[in-house]
Amino acid sequence: MASASANDGGASARKSIIKTALQLTALTAFEFLIAFTWEWFLVDTLGFGVETGIAIKNATFFILTIFKAFLIVAEFMHLGHEVKRLAWTIMIPFVFILWLIIGLVWEGTYWGEQSSEAISYHSVVLETDPAEEIKI
């Protein structure tokens, strides 16, 4: 990469950066288009339910965000021009960290639901009259 850029005065590097910036701009414009028209397109035109439309919209945003992150890391952080082993050395721990974050959010939701059920159980127990329990 460095020798190719040095031979043409850096024109190929500038061309690659501009190409990536235009791709990121197009993806961001597409995300704005989805954000403002998803309900009309997915619910009204295609007939999906609102919950399904929201899930499709969020999945599309997630995939586009991951792709944009890949473009940024590959071009602007020069990971696309490195040896493949170095790229995998950086990407594999990132996948495990992402997996950890998803697992923590998932388990945190479970514990939140369990604690809200426990609070409602205790409030029901406290609302009962102790004299009624003795009659039984």
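This is a short walk through one protein chain, from its overall fold to a few residue pairs and clusters.

The model is predicted, and every value I quote is computed from it. The chain has five helices and zero strands. Going along the sequence, the order is α-α-α-α-α. Of the 136 residues, 15% are buried. The accessible surface is about 10900 Å², and carbon and sulfur atoms account for 72% of that. On contacts: taking those between residues at least 6 apart in sequence, 53% join residues at least 24 apart.

Let me start with the core. Which residues make up the largest nonpolar core? There are eight in all: Leu24, Leu27, Ile34, Trp38, Leu42, Val43, Leu64 and Leu71. The elements giving two or more residues to this core are H2 and H3, and H2 gives the most, with six residues. As a general remark, nonpolar side chains in soluble globular proteins tend to be buried together. One of the core members is leucine 42. Setting aside neighbours within four places in sequence, leucine 42 is in contact with Gly47, Phe48, Gly53, Ile56 and Lys57.

Next, charges. The structure holds one salt bridge. Its partners are the side chains of lysine 68 and glutamate 31, at 3.1 Å from N to O. This pair links distant parts of the chain, since lysine 68 is in helix H3, residues 50–76, and glutamate 31 is in helix H2, residues 11–45, with the two positions 37 residues apart in sequence numbering. Are these two residues buried or exposed? Lysine 68 has a relative accessibility of 16%, which is under the 20% cut-off, so lysine 68 counts as buried. Glutamate 31, at 13%, is under that cut-off too and therefore counts as buried. In general, side chains of opposite charge can pair when their charged atoms come close.

Staying in helix H3, we find alanine 74. Alanine 74 is at 16% relative accessibility and counts as buried. Not counting residues up to four places away in sequence, alanine 74 touches Leu79, Gly80 and His81. Between alanine 74 and threonine 20 the C-alpha distance is 9.6 Å, while the sequence separation is 54 residues.

Now the aromatic rings. A search of the whole structure finds four aromatic pairs. I will take one of them, tryptophan 40 with phenylalanine 41. How are the planes of these two rings arranged? The ring centres are 6.4 Å apart and the planes are at 45°; because that angle lies between the 30 degrees limit for stacked and the 60 degrees limit for edge-to-face, the pair is tilted. As for accessibility, tryptophan 40 is exposed, with a relative accessible area of 55%. Phenylalanine 41, at 41%, counts as partly exposed.

Last, the surface. A nonpolar patch is formed there by Val83, Leu86, Trp88, Ile90, Met91, Ile92, Phe94, Val95, Phe96 and Trp99. Together these residues have about 1100 Å² of accessible area. One of the patch residues, leucine 86, lies in helix H4, which covers residues 84–127. With a relative accessible area of 39%, leucine 86 is partly exposed.

To recap: five helices and zero strands, a largest nonpolar core to which H2 gives the most residues, one salt bridge, and a nonpolar patch on the surface that includes Leu86.

How values were computed:
Residues numbered from 1 in each chain as written. Predicted model: local features only at pLDDT ≥ 70, side-chain atom pairs only at ≥ 80, totals over all residues. Heavy atoms only, no water. Helix = DSSP H or I, 4+ residues; strand = E, 2+ residues; numbered from the N terminus. Buried < 20%, exposed > 50% of the residue type's maximum accessible area, 1.4 Å probe, protein only. Contact = heavy atoms within 4.5 Å. Areas by Shrake-Rupley, 256 points an atom, 1.4 Å probe, with all protein chains shown as cover. Phe/Tyr/Trp six-rings, centres within 6.5 Å; stacked < 30°, edge-to-face > 60°. Patch = residues over 30% accessible without salt bridge, like charges linked within 9 Å, V, L, I, M, F, W, Y side chains within 5 Å. Salt bridge = Lys/Arg side-chain N within 4 Å of Asp/Glu carboxyl O. Core = buried A, V, L, I, M, F, W, Y, C linked by side-chain atoms within 4.5 Å.
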